[in-house]
Amino acid sequence: MAEIKSEPAEQSIYNRINELKAFDETKSGVKGLVDSGLSKIPTIFINEEYKLERNNNIHNQKSVGSTNNGGIPIIDLTGVDDDPNLRREIVKEVGEACDKWGFFQIINHGIPVTTLDEMMDGIRRFHEQDKEAKKEFYSRDITRKVYYNSNYDLYLAEATNWRDTLSCVMAPRGPLPQQLPAVCRDIFIEYSNKVMKLGHTLLELFSEALGLNRSYLEDIGCGEGLFVMGHYYPPCPEPDLTLGTSSHTDCGFFTILLQDQIGGLQVRHQNQWLDVHSIHGALIINLADMMQASAPYL
């Protein structure tokens with residue numbers, strides 16, 4: 001016996017909204033789902049566009065995105081503040097990377113690898129602590145200085161991403177130290193201070209690459225704010241069906257991105273997705289170019 005069953009579109013939308021609300025009200029995020037031992041991802045996380053793209057690529061015997069990292073600029077900032085000749089060369093490289101790519105990686109940028117590693121560990125400690133300890137930070141009130149949730153656009157996006165996020169407004173008016181989670185408080189403050197300093201250096205390089213006074217972008221307020229987002233991508237039982245971060249363009253003036261060693265980050269260049277292979281100690285600079293991240297395997 002065969003049965004064909006259909007339901008009105010309104011009913012389908014209603015069910016999705018109910019599923020989203022039920023997920024949101026747990027205040028446990030994607031990590032809570034993984035901890036519950038599920039073997040299949042809930043429907044709200046299935047990304048139909050990603051499935052179609054992946055199936056087409058498999059049919060054409062291609063991998064999703066590209067495994068070629070060749071050409072993505074890697075800029076060494078050694079001597080940027082000490083040697084005028086090196087600085088001129090760095091300014092030239094930055095200008096070319098911004099013009100041709102819109103993103104690049106930097107090494108020897110002045111932030112110790114130990115600080116970067118501890119920041120990663122701090123984000124991991126927050127997301128992997130007991131769910132009851134995290135719940136006090138769970139909120140969709142974006143006026144808060146510190147909040148944690150899963151998918152800022154949960155009720156608007158067509159597909160929910162396999163991701164939880166701790167968000168903090170660190171400048172120009174950051175939170176009081178006691179408002180930050182204790183498990184990552186110190187490193188959040190240290191990392192933010194160092195990133196602000198690096199951001200000022202990058203703004204100078206951008207200004208000079210544009211043929212402007214070194215302080216131009218700083219003077220017009222481009223370096224006043226800092227919004228730190230600590231994404232966490234729990235292992236996924238069905239990574240072929242969802243993304244950790246859907247394709248998007250960052251909304252800030254520019255992004256300084258710290259990637260872990262697992263990989264999965266891609267950037268779009270000349271209508272092709274390119275894998276950004278992780279370099280330990282490097283940072284990725286993105287000037288509003290399109291990015292996405294795959295969900296990690298369980």
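This passage walks through the fold, the nonpolar cores, one helix pair and some salt bridges of a predicted model.

Starting with the overall picture, the protein chain contains eight helices and eleven strands. It runs to 298 residues, and 43% of them count as buried. Looking at contacts between residues with a separation of 6 or more, 73% come from residues that sit 24 or more positions apart.

Next comes the inside of the protein. The largest nonpolar core is made of 43 residues, and the ones with the most contacts inside it are Leu166, Phe188, Phe206 and Leu283. Quite a few elements chip in with two or more residues: the helices α4 (84-100), α5 (113-128) and α7 (185-209), plus the strands β2 (103-107), β3 (146-149), β4 (164-171), β5 (226-232) and β10 (283-286). Helix α7 provides the largest share of this core, with ten residues. There is also a second, separate core, made of eleven residues, with Leu20, Val30, Phe45 and Trp162 among them.

Leu166 makes a handy example of what core packing looks like. Once its neighbours within four places in sequence are set aside, Leu166 is still in contact with Ile123, Phe126 and His127, with Val146, Tyr147 and Tyr148, with Pro181, Cys184 and Phe188, and with Val228, Met229 and Gly230.

Two of the helices that feed the largest core, α5 and α7, also meet each other directly. Their axes come within 9 Å and cross at roughly 135°. That angle lies outside the ranges for roughly parallel, roughly perpendicular and roughly antiparallel (the last of these needs over 145 degrees), so α5 and α7 count as oblique to each other. The crossing of α5 past α7 is left-handed. On the α5 side, the residues involved are Thr115, Leu116, Glu118, Met119, Gly122, Ile123 and Arg125, and they meet Ile187, Phe188, Glu190, Tyr191 and Lys194 of α7. Two of these names have come up already: Ile123 and Phe188 are both in contact with Leu166.

Charged side chains pair up too, and the structure holds ten salt bridges. One of them joins Asp24 and Arg140, with an N to O distance of 3.1 Å. Asp24 belongs to helix α1 (residues 9-25), while Arg140 sits in the loop between α6 (131-135) and β3, so this pair ties together parts of the chain that are 116 residues apart in sequence. The two partners are not equally covered: Asp24 has a relative accessibility of 11% and counts as buried, whereas Arg140, at 28%, is partly exposed.

A more local case is found within α5. Here the side chains of Arg124 and Asp121 form a salt bridge, at 3.0 Å from N to O. The two residues are three apart in the helix, so about one helical turn separates them. Both are partly exposed, with Arg124 at 33% relative accessible area and Asp121 at 34%.

The last example is part of a bigger set-up. Glu208 forms a salt bridge with Arg214, and their closest N and O atoms are 3.3 Å apart. Glu208 is partly exposed, with a relative accessible area of 23%, and Arg214 is partly exposed as well, at 43%. This pair does not stand alone: salt bridges with shared partners link Asp81, Arg87, Glu204, Glu208 and Arg214 into one network.

Note on methods: Residues are numbered from 1 along each chain as its sequence is written. This is a predicted model: local features need pLDDT of at least 70, side-chain atom pairs count only at pLDDT 80 or more; totals for chains, interfaces and linings use all residues. Side-chain values use heavy atoms; hydrogens and water are left out. A nonpolar core is a set of buried Ala, Val, Leu, Ile, Met, Phe, Trp, Tyr and Cys residues joined through side-chain atoms within 4.5 Å. Buried means under 20% relative accessible area, exposed over 50%, partly exposed in between (1.4 Å probe, protein chains only). Helices (H or I, at least four residues) and strands (E, at least two) are DSSP runs, numbered from the N terminus. Contact means heavy atoms within 4.5 Å. A salt bridge is a side-chain nitrogen of Lys or Arg within 4 Å of a carboxyl oxygen of Asp or Glu. Axes are lines fitted to C-alpha atoms, for helices over the stretch in contact, and angles run from 0 to 180 degrees between N-to-C directions. Angles under 35 degrees count as roughly parallel, over 145 as roughly antiparallel, 65 to 115 as roughly perpendicular and the rest as oblique. A crossing is left-handed if the near helix is turned anticlockwise from the far one by less than a right angle, and right-handed if clockwise.
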